[in-house]
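Me: I would like to learn how to read a binding site and its surroundings from coordinates alone. Could we go through one case together, step by step?

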Amino acid sequence: MKLDLPRYTERFGAISLHGVQRVYELDSGFNGGRTTSETIRSIGNEEISEIERKIAIVIPIKGERLKLLEGVLSGIPHDCLTIIVSNSPRQPVDRYKLEKEALEQFNRFVGKNALILHQKDPGLYDALKEVGYTSIIAPDDTVRNGKAEGMMIGMLLAKMAEKEYVGFIDADNYVPGAVNEYVKIFASGISMSNTPYTMVRISWIYKPKVSETGLYFSKWGRVSEVTNQYLNSLISYYTGFETEIMRTGNSGEHCMSMKLAELLTYSPGFSVETYEIVNILEEFGGIVPTENQEAMDKGVEVMQVETRNPHFHEEKGDLHLKEMFNGSLGCIYYSKICPPRLREKVIEELHGRGVLDEGGEPSVLQKISPFKDIDTHQFANVLHNRATSFVHSG
Ligand code: GDD
């Protein structure tokens, strides 16, 4: 893959937030081919494959169409470990069983390493309880609903499988070729990174919508433009300079080094992607004290890479959008580093969009603790013995 070196970087404490990088060539040959410019990096297929062997790709899924899941599976490079964490209904039709069978059938042909687990499996609850990781557990003694909660389980499974990197790809992607590009971008970003504490976020070139006159290639999702604006305001407040650096505040497709992933605190549901950035600013921005001196010393990098493929995915309804506004802006609002002026603006924004009633505040989001201290061997033992939905295929 040939892509830009970061052209502009915003520095915030120990964090380097890189501006959006473009892809020039999806495949630049076995050794990376010839680079014609000092500002372009070429990562050869051999190096990409080597990194892919160290990546687990987590697919959170809840009731998506099987055809879409099958497409996503086919787009993930063979050497990555695929991890499906499902919260699909088990009654009246057992949708999870269908997903598991689809994975097993796929693997009969491709012989790929994959794990699948249901989010509500009582054996998963036992395993989490055993290792004292309770921040994703609901009062009814199951794992809470939510995409972030699914991602957390995926990260634990990736750590259990000793993967160095963990990436996320939604199950409702229509284009397998785009999925493949996301993973190549993850690997290329990892290869370009200068620190073990790294994150690579996908910036979609277009998110096409069907309009009366045909396909319209819009640049922004309905929520992301607003989320980015508030993340940028948060950064500008501390640097004193306006910025447009953040372009991927809601990027569902992203990856992290395990070293970074296990240090972060997460926010539930659909606030997860935005809060990853907020928490990186909180932890490594030098504004409030941190316990993670090694990451401060080595630095944290956030890369944003623009795809060549447009992003076609299932469009969910208006209620879902409100939930996303509430979560994305709510996690900025409740951040310990959010200045009062920005909090007021968040409230005005959410009122203006009809997300909040007069006098209302965003829902309080229950934080999810870092998982760095979890004993993954103990977790794996209990999971293997008690989680009946857990399957290792391939
Ligand atoms: N395991 C699990 N548990 N998966 C879930 C859950 C859950 O409770 N809820 C949703 N998912 C899965 C969906 O099946 C899908 O694969 C993925 O999480 C994203 O959920 P969607 O409902 O499709 O969200 P979206 O497409 O509107 O939003 C996506 O894109 C946004 C950026 O445009 C999400 O990835 C957002 O987090 C992201 O900000």
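Reply: Let us begin with one residue and its neighbours, keeping in mind that this is a predicted model. Once neighbours within four places in sequence are set aside, Asp170 is in contact with Ile59, Pro60, Val72, Lys147 and Glu253.

Me: Which of its contacts is polar, side chain to side chain?

Reply: A polar contact is a matter of N or O atoms lying within 3.5 Å of each other, and here the side chain of Asp170 meets that of Lys147 at 3.4 Å.

Me: Where along the chain is Asp170 found, and is Asp170 buried or exposed?

Reply: Asp170 is found in the loop that runs between strand 8 (165–168) and helix 6 (176–192). Its relative accessibility is 18%, and because buried means under 20%, Asp170 counts as buried.

Me: Which residues are closest to the ligand?

Reply: The shell around the ligand holds 24 residues, of which Lys147, Asp170, Asn250, Lys316 and His320 are the closest. To see which elements contribute, one maps the shell onto the secondary structure: strand 5 (55–61), helix 5 (147–160) and helix 11 (318–333) each supply at least two of its residues.

Me: Which polar atoms of Ile61, Lys62 and Asn87 lie by the ligand, and at what distances?

Reply: It helps to separate backbone from side chain. A backbone N or O atom of Lys62 lies 2.8 Å from a ligand oxygen, and a backbone N or O atom of Ile61 lies 3.2 Å from a ligand nitrogen. For Asn87, a polar side-chain atom lies 3.1 Å from an oxygen atom of the ligand.

Me: How much of the ligand does the protein bury, and what is the space it takes?

Reply: One compares the area of the ligand taken alone with what the protein covers: alone, the ligand exposes 730 Å², and the protein buries 94% of that. The space that the ligand takes is the largest pocket.

Me: Let us turn to another residue, Glu10: in which strand is Glu10 found, and is Glu10 buried or exposed?

Reply: Glu10 is found in strand 2, residues 9–12, and with a relative accessible area of 8% Glu10 is buried. The side chain of Glu10 makes a polar contact with the side chain of Tyr8 at 3.4 Å.

Me: What separates the C-alpha atoms of Glu10 and Ile235?

Reply: Sequence separation and spatial separation should be read side by side: these two residues are 225 residues apart along the chain, with 9.2 Å between their C-alpha atoms. Beyond four places in sequence, the contacts of Glu10 include Ile235, Thr239, Thr243 and Ile245, as well as Leu17.

How values were computed:
Residues numbered from 1 in each chain as written. Predicted model: local features only at pLDDT ≥ 70, side-chain atom pairs only at ≥ 80, totals over all residues. Heavy atoms only, no water. Helix = DSSP H or I, 4+ residues; strand = E, 2+ residues; numbered from the N terminus. Buried < 20%, exposed > 50% of the residue type's maximum accessible area, 1.4 Å probe, protein only. Polar contact = N/O pair within 3.5 Å; in protein donor to acceptor, adjacent residues only side chain to side chain. Contact = heavy atoms within 4.5 Å. Near = heavy atom within 4 Å. Areas by Shrake-Rupley, 256 points an atom, 1.4 Å probe, with all protein chains shown as cover. 1 Å grid on protein atoms, 1.4 Å probe; cavity = no way out; pocket = protein on both sides within 12 Å on 5 of 7 lines; lining within 4 Å. Sits in = over half its atoms within 2 Å of the grid points.
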